There are 4 protein chains.
Amino acid sequence: MEIIEFTPTRDQYAYTFGGVEPVLSIEPGTVLRLWSEDAFNHALTSVDDLSSEKVDLGFVNPQTGPFHVKGADPGDTLAIHVVDLSPARSWGASAAIPFFGGLTGTDRTVNLQDALPDTTWIYEVDAAANTVRFEARFGDFTADLPMNPMLGTVGVAPAGGEVRSSLVPERFGGNMDSPEVRAGTTVFLGVNVDGALFSLGDGHYRQGEGEACGTAVEGAMNSTIIVELIKGRAPMWPRLETDGYWMAVGSSRPMEDSWRIAQVEMVRWYEELFGLHHMDAYQLLSQTTEVPIANVVDVNYSVVVKAAKALMPRVDAFDGVHAELRNRARAL
Amino acid sequence: MEIIEFTPTRDQYAYTFGGVEPVLSIEPGTVLRLWSEDAFNHALTSVDDLSSEKVDLGFVNPQTGPFHVKGADPGDTLAIHVVDLSPARSWGASAAIPFFGGLTGTDRTVNLQDALPDTTWIYEVDAAANTVRFEARFGDFTADLPMNPMLGTVGVAPAGGEVRSSLVPERFGGNMDSPEVRAGTTVFLGVNVDGALFSLGDGHYRQGEGEACGTAVEGAMNSTIIVELIKGRAPMWPRLETDGYWMAVGSSRPMEDSWRIAQVEMVRWYEELFGLHHMDAYQLLSQTTEVPIANVVDVNYSVVVKAAKALMPRVDAFDGVHAELRNRARAL
Amino acid sequence: MEIIEFTPTRDQYAYTFGGVEPVLSIEPGTVLRLWSEDAFNHALTSVDDLSSEKVDLGFVNPQTGPFHVKGADPGDTLAIHVVDLSPARSWGASAAIPFFGGLTGTDRTVNLQDALPDTTWIYEVDAAANTVRFEARFGDFTADLPMNPMLGTVGVAPAGGEVRSSLVPERFGGNMDSPEVRAGTTVFLGVNVDGALFSLGDGHYRQGEGEACGTAVEGAMNSTIIVELIKGRAPMWPRLETDGYWMAVGSSRPMEDSWRIAQVEMVRWYEELFGLHHMDAYQLLSQTTEVPIANVVDVNYSVVVKAAKALMPRVDAFDGVHAELRNRARAL
Amino acid sequence: MEIIEFTPTRDQYAYTFGGVEPVLSIEPGTVLRLWSEDAFNHALTSVDDLSSEKVDLGFVNPQTGPFHVKGADPGDTLAIHVVDLSPARSWGASAAIPFFGGLTGTDRTVNLQDALPDTTWIYEVDAAANTVRFEARFGDFTADLPMNPMLGTVGVAPAGGEVRSSLVPERFGGNMDSPEVRAGTTVFLGVNVDGALFSLGDGHYRQGEGEACGTAVEGAMNSTIIVELIKGRAPMWPRLETDGYWMAVGSSRPMEDSWRIAQVEMVRWYEELFGLHHMDAYQLLSQTTEVPIANVVDVNYSVVVKAAKALMPRVDAFDGVHAELRNRARAL
C-alpha cells in the first residue's frame, strides 16, 4: 500500500471543484496523509481579526488537491475512506461573518436590516482532554466541548464542464458540512471527469448540525484517507457508509428538496441492496431513517438520510469495500 | 395526585386544535391515562383497505381531548410530561396515501404526474420481542423493527381565535410528528386561551425522522401523562425537555424556516438559562446542536433543534419542573 | 335586484374566515354596498402613530361580514363580482411593521438582526386627480401615484372546521392581496360550509405586486359587489375573471408552490373550457400565461396565473356568468 | 459604428458561462448581428423527435459567444442593448422533457412518480401574420399566437473562477428566461473577469411567464445588439431598462429569495436614482412595482421587479445610456 504525504503550498490552494490542475496523480488504493489549511486561510488568528476585513467569501475553504486518480472514468465511483482526522493546530476559529449564516439575512435571503456584529471566537484545544474551549465574547462564560474532527468539504470535479466554488455542496459532494464525514466513514462519489479530481479541506474540530452561524470550529487538519476506485456504479448523489449506517446526502434549496434528494437516493440504494420494490423501500425507510440536517448556511443546504444497518439483514454495499477499507485502515 | 382515565367515544373525537368544547376540566398536576384512536380512525385494518377509499384527509388524527386546565391563562406555560406510551392494539397500519407524503406531488407541491399506487401496510406487533414487523407488499421481504412509541400530535388551542386541523404542526404544537415526543419527555407549550385546551393523539408505534411516506406505524395508543401548569413564561414555540436534552421544535415552510424558528428558540432559551448574549448563544449552539428533521409531509414541516445538557453547566429550566415530573412519574 | 347597504359596527369586525356568526343572510343575486375599515383598524392616522404601539397583528384586516348566502352548499361556487371600489377616506396609511414584510426577518424567516425602523407613511388622496401622494419620511421626495383601488381580502369560511386569521390567503381566498381584485373582476370561490359565509376587507387605494413592505396604501373602502351562486362546480382554488383574462390564485409556501397551485388550476380550467388534454393545456399555457406575484409577505405567498382571452377561441366560463354580471353592474 | 456579423460553427457552441475561450474580441460600441441555434441543438425537428432520446440536459442552450469586450474590467458594467430579434427558422419547437419543468418532479424536487409522457410540439411560424401556431398533440385544437421574440439567455462569465451551465440564471445573468429581454431592452450586467466574456442564446419565439413546462417556443434566432461598456458601477444583480421601465432580475431558490434579491436591487437603484433613504425606497416601491415571474423551471428560479418610469420624476440611469443606445439603434 503506497502512502503519500502532501501539504500544499499557499499557491496550490484550490478554491473550486473543477477548473484546477491536479497536484498529483495517484493509483487507486493509495493512502494519503494530507494537511489542509483552515476555511479562513489562516486569516483569523485572534478575536480581533474581523472576517469583514480579512475574509473574502469568494476564496474560502482552501482545498488540498485536486488529486487525479488513475483509471477513474466518468460513471465510476470514487470511495474515499477517512482513516484519521487530527487537528494540526492548537486552536480553532469561528466567526459570525456579516450577512453570512443561518440566522441573518444573506446574499440570497436578502433583507434591509443592519448586519449582526462581526464577531470572531477562538477555541483553544486541550489535547489531553480532547476538548476545545468556547469563550464567550460578550461575557465570561466558558464551556469545554469534546473534540469531534470532521471534514466540511470533500468533492470531485462536477459534470458538464462546470466549476464550482469550494463553498458549494452539490451532487459532486463539496461543502456538505456534515459531521458524518469523520474518521471511520467511507464517502462514495460519482466520477464526472477523467481522473475524478477530488480534493478535501475545511476541517472542523467540532460542528453542530446545521452549522447555524455559518462557520464551525475551523482549523487546519491532518487527514489520513484511503482512496479506492469502483468501476461503474456511480451513485446519483453522495453516499456515505460507516460500520453502523448507510447514508445519502442531498444538497439543494429549499431544504425540503435537499431532503427529497437524499431520501430518494436511499430508496434507490435499498432497491439495490435488498431487491425491494420502490414502494416497499419508501415505506420501510419511512419508519427507520434518522435525518440530521448538515448545513443551512451554504450555497445549497445539506440534509443527511441515515439508515441503520442493525435494523436490516446483513448485506454488502459496493461489494463490501467499506469493511475492507476499515481493515486496511487498521493495518496502517 | 389525581389520576383520571379517559377514552373518548367516537363522537368525541376532535379533528381540530381549538374550536372544540373540552371533554374534561382538570387540575394542574393531574395524571391522565388516555386512549387515542389511530390516525386513520381505524379505517385501515388490512392491506386491502385503501386510503383513497377509506380515509378523508380532512378528518384524520382524531384527538383525545381537549382538556381544560384550571387556572391556565394566556401567557402561561403548559408542561405535559409523557410518563408512558403503550400500544393499544396488536398491529399498526401505514399507507402511501395518493398525493400525500414526501416523495410525491401533493396538494401544495402540485404536479401533473399520476399518483403513486395506493398502498397499505399492516405491521404486526410482537409484544414479547417489543417489535413491529414490516412485510413488503411487492415481494417477500420482512424486517422486525424495535417498537418506539411516540405521539405524533400534542397541542393546545391556537391564538387569535384560529382553529386548525389536527394535521397541522404550528406554534401551538399539534402534528409535529417528532419521535422525541416519547416516554420521558416533557413538552412545554404556550397557553393561548383560557384553560389551554390541549389534546393529543396520532400514536405511532414507530416512525423514522421525516415520516417520509406521510404516515408512521399508526396505532391506537394508551398514554399516561402528567399535566402541569407554569404561570407565565410561555415559550414562543414548543420546547421539549428530556433527561439529556433541551429542545425546540419549529414548524413552517419552506423547511429552512422551520429550522430558523427552532434554532432561534434555542438561542432565546440559552440566553435565559445561561445569561448569554445572543451572539454567544448563537455561536455556542452552532457548535453543539443536533438537528433531526421531524416531518416533511405535514401542512408545515417540523425540525427539532436539540442541545445536549452534558455539554453545559448544570441549570434548571422552568425551575426544574422536568426533573420533578420525572420523579412523580417514577412514583406512579 | 335587491340592494343592501351594510356598515359594520366596531364590534362586528371579523378577524377570521370561519368561526364568526353571519351579520346578514342574503339571496343569491343581491347587490351589496359595503363599507370596510382599513387594515389597521384606523389606528394609524398620522406618521407619528407607530405600528409597534398601535397594531396587533393578531387582529388586523377587519372583515365586513360574513354574509350567509341562501342556498349555498359545500361544493357550490360563489361568484363575487366587484362592481365598484371607492375610497371612503381622504387619506390612506402604510407602515413598515417591525419584523413584518418582505425585506426583513419575520416570525417565520426568523433572524437575530435588529428590526427595521418602525415607520408610518400617510398618503393624501387627491380625488380630482385620482391620485395618492407619497411623501418621503427621510427626505423631501414626493410622488403622486394613480389611485388603483383593490380589495386585499375576499374569502369564504374554510373547509374541515378550520378558522383562519384574516391575514391568511388560502384555498378559501382570504388575504390574497392581489391588485387583480378590482372593479370589473369576478371572484369564484368554492363553498365549504352552509351559506358560504364570505366576507371582505383590507381595502387598498393602491398596491404594488408583492406588497413588498407588508402593507399597501391601506384605507377604508366603499365596495359595491354582486353576489351570485353557481350550484356545484367548485374550483379547487380561487379563480378570477375579467373581460380580458381568466386567472387562478395559488397561496402557499415556498412561493414556487403557490405558482404550481395556480398553474395547475389553470391547466384544469383549460381542460374544462377547451376540452384539452392536460399535456396540451400545460404546453399551451406555458407559452401564454402572465404570472404576476400578488404578495410575498402574508402567512402564505400568493401568485396569480393569468390567461388572456384574446389568444383563445371564445368560450364561456361558468356559463357566462361574468359577462352577465358585468351587464347587471352596468345597469346599477 | 462597427458592425460585426457572427454565426458560430457547431464546434463553437458554448454550453457554459465562463470556461470558454472568446470567439471574438470587440470594441465597446460594437454592433453585433448574431445567429444562435435553438435550445435543443436543432435535435427536435418534428413531433416524433423525443427529448428523452435526443436531448442531453448537460448540453442545451448553445451559446453564441463568448465575446471579449476590450477594456472591460471586473467592477465595470456591460450594457447590452437588444436592437432586434428575428426568428431564423420557419418553425419553433417545445417539449415536455421527462422530469424537467414546473409541474413535474425534477432532479431536485425529486419524487417517485412516473414521468409525464415525453412530448414534443412543433410551432409553425406565419411570418406574414407574425404568429406561431400551437397544434395540440392529444386532440385537434389549434391556436395562433402572436410572435414575441426574446432571448432566454444573456450572460457574462461568473466571479470567483466559477463556470456554470447555460441552464443557470444567476448574478451573472444567464438563463433568466424573461420575456422582458426583447427588442428595445438594455441589459446591465456586472463584469467579473477581464473582457466580460458575454454570450447569448436560447431564442424564444414566444414564452409565457414562468416557462411552465420548462421550454418555450424554442428557435434559432438572429439577434442584433449593441454592446456598450460603463466603467465601474457594476450592479449586484442584472438590471434591465426599457423606455417604460427600470427592472431587476433575481435568480435563486426558493422563489421568495429570487424576489427578495430583485426587490432589494430595485431599492438600491432607487436610492441611487432619487437619493431616497432605503426605507422610503422600500415603501415607494411597495406601492408601485410590477412583479412578473420569469422562470420556475431552471436551476434557479427568476423573478423580475419592474418600476414604471411614468410614476417617477425623470432621471437618467447610468448617465442615460439606454436612451442613447435607442437612438443608435434607430440609426442602424
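**Entry 1: chains B and A**

I began with the contact between chains B and A, to which chain B gives 55 residues and chain A gives 56 residues, where two residues are in contact if their C-beta atoms, placed from the backbone, lie within 7 Å. I noted that this is a predicted model, in which local features need pLDDT of at least 70 and side-chain atom pairs count only at pLDDT 80 or more, while totals for chains, interfaces and linings use all residues. Residues are numbered from 1 along each chain as its sequence is written, and chains are lettered from A and ligands numbered from 1 in the order in which they are written.

On the side of chain B that touches chain A, the elements giving two or more residues are strand S7 (91-96), strand S8 (119-126), strand S10 (142-146), H2 and H3 of chain B; helices (H or I, at least four residues) and strands (E, at least two) are DSSP runs, numbered from the N terminus. I sorted that side of chain B by class and found 32 nonpolar, 15 polar and eight charged residues, with Ala, Val, Leu, Ile, Met, Phe, Trp, Tyr, Cys and Pro counted as nonpolar, Asp, Glu, Lys and Arg as charged, and the others, Gly among them, as polar.

**Entry 2: symmetry and confidence**

I looked up how chain B is superposed on chain A, and the operation is a rotation of 180° with 0.0 Å of shift along its axis, at an RMSD of 0.0 Å; the two copies are thus related as by a two-fold rotation axis. The superposition is by least squares on the C-alpha atoms of residues with pLDDT of at least 70 in both. Of the residues of chain B, B:Pro292 comes closest to the rotation axis, with its C-alpha at 2.1 Å. Because 100% of the interface residues of chain B are also interface residues in chain A, the copies meet through the same surface.

For confidence, I read that chain A averages a pLDDT of 98, with 100% of the residues scoring at least 70, where pLDDT is the predictor's confidence in each residue, from 0 to 100. The complex has an ipTM of 0.98 and a pTM of 0.98 from the predictor.

**Entry 3: helix pairs**

Within chain B, I looked at helix H2 (residues 255-274) and helix H3 (residues 278-286), which pack at an angle of about 120° with their axes 9 Å apart. Axes are lines fitted to C-alpha atoms, for helices over the stretch in contact, and angles run from 0 to 180 degrees between N-to-C directions. H2(B) and H3(B) are therefore oblique to each other, since angles under 35 degrees count as roughly parallel, over 145 as roughly antiparallel, 65 to 115 as roughly perpendicular and the rest as oblique. Among the residues making this contact are B:Met266 and B:Tyr270 of H2(B) and B:Ala281 and B:Leu285 of H3(B).

Between chains C and D, I found that the axes of helix H2 (residues 255-274) of each chain come within 6 Å and cross at roughly 110°, so H2(C) and H2(D) are roughly perpendicular to each other. C:Met255, C:Glu256 and C:Trp259 of H2(C) make the contact with D:Met255, D:Glu256 and D:Trp259 of H2(D).

**Entry 4: backbone points**

Most residues other than glycine have a negative phi, and most peptide bonds are trans. I noted that the peptide bond from A:Gly65 to A:Pro66 is cis, with omega near 0°, and that A:Pro66 lies in strand S5 (residues 63-69) of chain A. B:Asp319 is not a glycine, yet has a positive phi of about 55°.
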